[in-house]
Amino acid sequence: TSPCDRPAPATAGLSHDKWEIDHNELMLLEELGSGQFGVVRRGKWRGSIDVAVKMMKEGTMSEDDFIEEAKVMTKLQHTNLVQLYGVCSKSRPIFIVTEYMRYGSLLKHLRRPEMSLSSNQGLLLDMCIQVCKGMSYLERHNYIHRDLAARNCLVGNENIVKVADFGLARYVLDDQYTSSGGSKFPIKWAPPEVLNFTRFSSKSDVWAYGVLMWEVFSCGKMPYGRLKNTEVVERVQKGLILEKPKACYKEVYDVMKKCWSHLPENRPSFRVLKDQLLVISQTIL
Ligand SMILES: CS(=O)(=O)c1ccc(C(=O)Nc2cccc(-c3cn4ccnc4c(Nc4ccc(C(=O)N5CCOCC5)cc4)n3)c2)cc1
């Protein structure tokens, strides 16, 4: 079917190719925090739609490339992906406007005291399965995240978990973040082929997903504790992997270990992972 007779996407009334948002239709509210690109604020769009607005600090992003890519990103739609509504690119700083997730990052959510008390395996596994569903959708669309981690997932009502900022890492200008030797490079979530050749793929996302599962079942602990990045690189090259978190079923840890197969081709796809995790959640929980 031609794009014109497809029903317009359910992204808050956006028509097919309207990724440009008029910033006069945005009302900026409280600050939510700041990340790689600067400050993020909650906002209201067209008076009623809750949004999160990333305000791109000058010089932090390769803007023209991103604006081009935003047209593709707005078409990626799944219940476990934070929806990109559009961009305000006619003025500077650029705004990136997404759906709003009211409970913030999964990492912060995992670190709440009540989380470790309950450490309810069923809830923890359900959060992992939701992330896996979002990543399986990206895998199906040949879209690589490049920075999957609990800090880049967000929590909404009823323990909904969504993957955020997929593909955004490609537009970061800070080479402390982009080069594998840089201080901000996410070494602890990177497989050998990324550490050695920065060779990203859906299978490098699967490695990162294994580390995210470890974060979830460790209630937000830092992987490899206080080890320095150089020490982690050494261990990963030698095939040393993260140990089983205390509150984690052996079957779940077995899935994590498959995500950390040294060779990317030996790691399961997100589609296979999703089926395996669903079986575990239906049998042992
Ligand atoms: C490296 S990368 O992948 O390119 C990349 C990844 C992430 C980022 C980035 O800016 N992340 C980032 C930073 C801050 C907030 C966001 C951020 C983005 N969002 C998108 C949808 N919803 C949110 C949201 N919601 C929040 C955040 C915090 C709270 C919270 O706990 N509060 C209590 C204290 O008062 C305030 C509310 C509540 C909701 N926060 C995203 C930038 C770049």
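In this predicted model, helices α9 and α10 are roughly antiparallel to each other, because their axes cross at roughly 170° and an angle over 145 degrees counts as roughly antiparallel. Helix α9 covers residues 250-259 and helix α10 residues 270-283, and their axes come within 10 Å. On the α9 side the contact uses E251, V252, V255, K258 and C259, and on the α10 side L273, Q276, L277 and I280. By residue class, this contact of α9 with α10 has 6 nonpolar, 1 polar and 2 charged members.

Helix α9 also packs against α7. The axes of α7 and α9 come within 7 Å and cross at roughly 150°. That angle, too, is over the limit of 145 degrees, and α7 and α9 are therefore roughly antiparallel to each other. The crossing of these two helices is left-handed. From α7 the residues V206, W207, Y209, G210, M213, W214 and F217 take part, and they meet V252, V255, M256 and C259 of α9. The contact of α7 with α9 divides into 10 nonpolar residues, 1 polar residue and no charged ones. V252, V255 and C259 of α9 appear both in the contact with α7 and in the contact with α10.

The next step leads from α7 to α4. Helix α4 spans residues 121-140 and helix α7 residues 202-217; they pack at an angle of about 165°, with their axes 10 Å apart. Helices α4 and α7 are therefore roughly antiparallel to each other, and α4 passes α7 in a right-handed crossing. On α4 the contact is made by Q121, L124, L125, M127, C128, I129, V131, C132, M135 and E139, and on α7 by S202, D205, Y209, L212, M213, V216 and F217. These residues of the contact of α4 with α7 comprise 13 nonpolar, 2 polar and 2 charged. Y209, M213 and F217 of α7 are listed in the contact with α4 and again in the contact with α9.

After α4 comes the loop between α4 and β6, where N142 lies. N142 has a positive phi of about 50° although it is not a glycine. Most residues other than glycine have a negative phi, and most peptide bonds are trans. An exception to the second part of that rule is the cis peptide bond that joins R92 and P93, with omega at about 0°. P93 is placed in the loop between β4 and β5 (95-99).

The loop between α4 and β6 also contributes to an aromatic pair. The structure holds 5 aromatic pairs, and one of them is formed by Y143 and F166. This pair is edge-to-face, with 6.3 Å from centre to centre and 85° between the planes. Y143 lies in the loop between α4 and β6 (153-155), while F166 lies in the loop between β7 (161-163) and α5 (175-178), so the pair ties together parts that are 23 residues apart in sequence.

The remaining topic is the sheet. An open sheet is formed by 5 strands in the order β1-β2-β3-β5-β4, with antiparallel pairing. Strands β1 (26-35) and β4 (84-88) stand at the edges and have a single partner strand each, so one side of each is left without a neighbour in the sheet. From one strand to the next the twist averages 25°. Strands of a sheet pair through backbone hydrogen bonds, either parallel or antiparallel.

Two of the pairings can be followed in more detail. Strands β1 and β2 run antiparallel and are joined by 7 bridges; they form a hairpin with 2 residues between them. In this pairing, E31 has R41 in β2 as its bridge partner. Strand β2 (residues 38-45) is in turn joined by 6 bridges to strand β3 (residues 49-55), and these two strands also run antiparallel. Here the bridge partner of W45 is I49 in β3.

How values were computed: Residues are numbered from 1 along each chain as its sequence is written. This is a predicted model: local features need pLDDT of at least 70, side-chain atom pairs count only at pLDDT 80 or more; totals for chains, interfaces and linings use all residues. Side-chain values use heavy atoms; hydrogens and water are left out. Axes are lines fitted to C-alpha atoms, for helices over the stretch in contact, and angles run from 0 to 180 degrees between N-to-C directions. Helices (H or I, at least four residues) and strands (E, at least two) are DSSP runs, numbered from the N terminus. Angles under 35 degrees count as roughly parallel, over 145 as roughly antiparallel, 65 to 115 as roughly perpendicular and the rest as oblique. A crossing is left-handed if the near helix is turned anticlockwise from the far one by less than a right angle, and right-handed if clockwise. Contact means heavy atoms within 4.5 Å. Ala, Val, Leu, Ile, Met, Phe, Trp, Tyr, Cys and Pro count as nonpolar, Asp, Glu, Lys and Arg as charged, and the others, Gly among them, as polar. Two strands pair if DSSP finds at least two bridges between them. Rings of Phe, Tyr and Trp (its six-membered ring) pair if their centres lie within 6.5 Å; planes under 30 degrees apart count as stacked, over 60 as edge-to-face and the rest as tilted.
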